Amino acid sequence: MLKANAIRPDLDEFLTQANREIRGKLTIFLGCAAGVGKTFSMLETAHDKINEGTNVIIGWLETHGRIETEKLTEGITCIKPMLIKYREKELQEMEMDAIVKTKPEQVLVDELAHTNIPGSRHVRRFQDVEELLNAGIDVYTTLNIQHIESLNDVVSKITGVIVHETVPDYIVENANNIRLIDIPP
């Protein structure tokens, strides 16, 4: 029998803690600009995880035709993109259902700030990543500093380039790990 003055755990706190334990972990490979090696570093780290026995898949990856980066995709299962018809063209987008159905431990999702093609499950890729994390899947993703919402204005003043695709600050703030990637001087 419980004593009248016994301390009971707060149900909301309990549910929050349980959700944290189920939620996947987010690692962001963050760089100052395009071409500094974020995707390359993400792939190298993925191979390390595979060698440790982790089930890693590619959900979406942009090699931008870089041969060295394309070589690093070898040995990693890649989920085939879905095709969406948009403005009389068939365009590729990340296949969320196939990723969730595969239930990998880790998924690589390049270009976190990307705006998805109309007709996709979510408007923005960071929303796709949130869904994967909520499904208990760890995510490696890439992001340039100018795509962080609160830094967008500062970076555009410095570079003169206005970036329209941004990621809310809370995504970066809630990341489990941020790896800063830059080309050596």
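This report walks through the two largest pockets, helix H5 and the salt bridges of a predicted model.

## The largest pocket

Let us start with the largest pocket, which has a volume of about 470 Å³. Its lining is made up of 23 residues, and those nearest the centre are Gly35, Lys38, Thr39, His64 and Arg66. By residue class, the lining holds 10 polar, 7 charged and 6 nonpolar residues.

Three elements each contribute at least two residues to this lining: helix H2 (38–51), helix H3 (67–71) and strand S7 (138–144).

## The second largest pocket

The second largest pocket has a volume of about 240 Å³. Around it sit 14 lining residues, with Arg23, Gly24, Leu133, Asn174 and Asn176 nearest its centre. Helix H5 (125–134) and helix H7 (169–173) are the elements that give two or more residues to this lining. H5 provides the largest share, 5 residues.

If you are thinking about chemistry here, the lining of the second largest pocket divides into 6 nonpolar, 4 polar and 4 charged residues.

## Helix H5

Helix H5 deserves a look of its own. This helix is mostly covered, as 7 of its 10 residues are buried. The buried residues are Arg125, Phe126, Asp128, Val129, Glu130, Leu132 and Leu133. Just after the helix, Gly136 adopts a positive phi of about 90 degrees.

## A buried salt bridge

The structure contains 3 salt bridges. One of them pairs Arg125 with Glu93, with 2.9 Å between the closest N and O atoms. This pair links distant parts of the chain, since Arg125 belongs to helix H5 and Glu93 to strand S5 (residues 89–93), 32 residues apart.

Are the two partners buried or exposed? Arg125 counts as buried because its relative accessibility is 0%. Glu93 is buried too, with a relative accessible area of 2%.

## A salt-bridge network

Side chains of opposite charge can pair when their charged atoms come close. Here, Asp97, Arg121 and Glu131 are linked in a network of salt bridges. In the pair of Asp97 and Arg121, the closest N and O atoms are 2.7 Å apart. Asp97 lies in helix H4 (residues 96–102) and Arg121 in the loop between strand S6 (106–109) and H5, so this bridge ties together parts that are 24 residues apart in sequence.

Arg121 also forms a salt bridge with Glu131, where the closest N and O atoms are 2.9 Å apart. That contact connects the loop between S6 and H5 to helix H5 itself, across 10 residues. The members of the network are partly exposed: Asp97 has a relative accessible area of 46%, Arg121 has 42% and Glu131 has 21%.

Technical notes: Residues numbered from 1 in each chain as written. Predicted model: local features only at pLDDT ≥ 70, side-chain atom pairs only at ≥ 80, totals over all residues. Heavy atoms only, no water. 1 Å grid on protein atoms, 1.4 Å probe; cavity = no way out; pocket = protein on both sides within 12 Å on 5 of 7 lines; lining within 4 Å. Points joined across faces, edges and corners; volume = space filled by probe spheres on them. Helix = DSSP H or I, 4+ residues; strand = E, 2+ residues; numbered from the N terminus. Nonpolar A, V, L, I, M, F, W, Y, C, P; charged D, E, K, R; others polar. Buried < 20%, exposed > 50% of the residue type's maximum accessible area, 1.4 Å probe, protein only. Salt bridge = Lys/Arg side-chain N within 4 Å of Asp/Glu carboxyl O.
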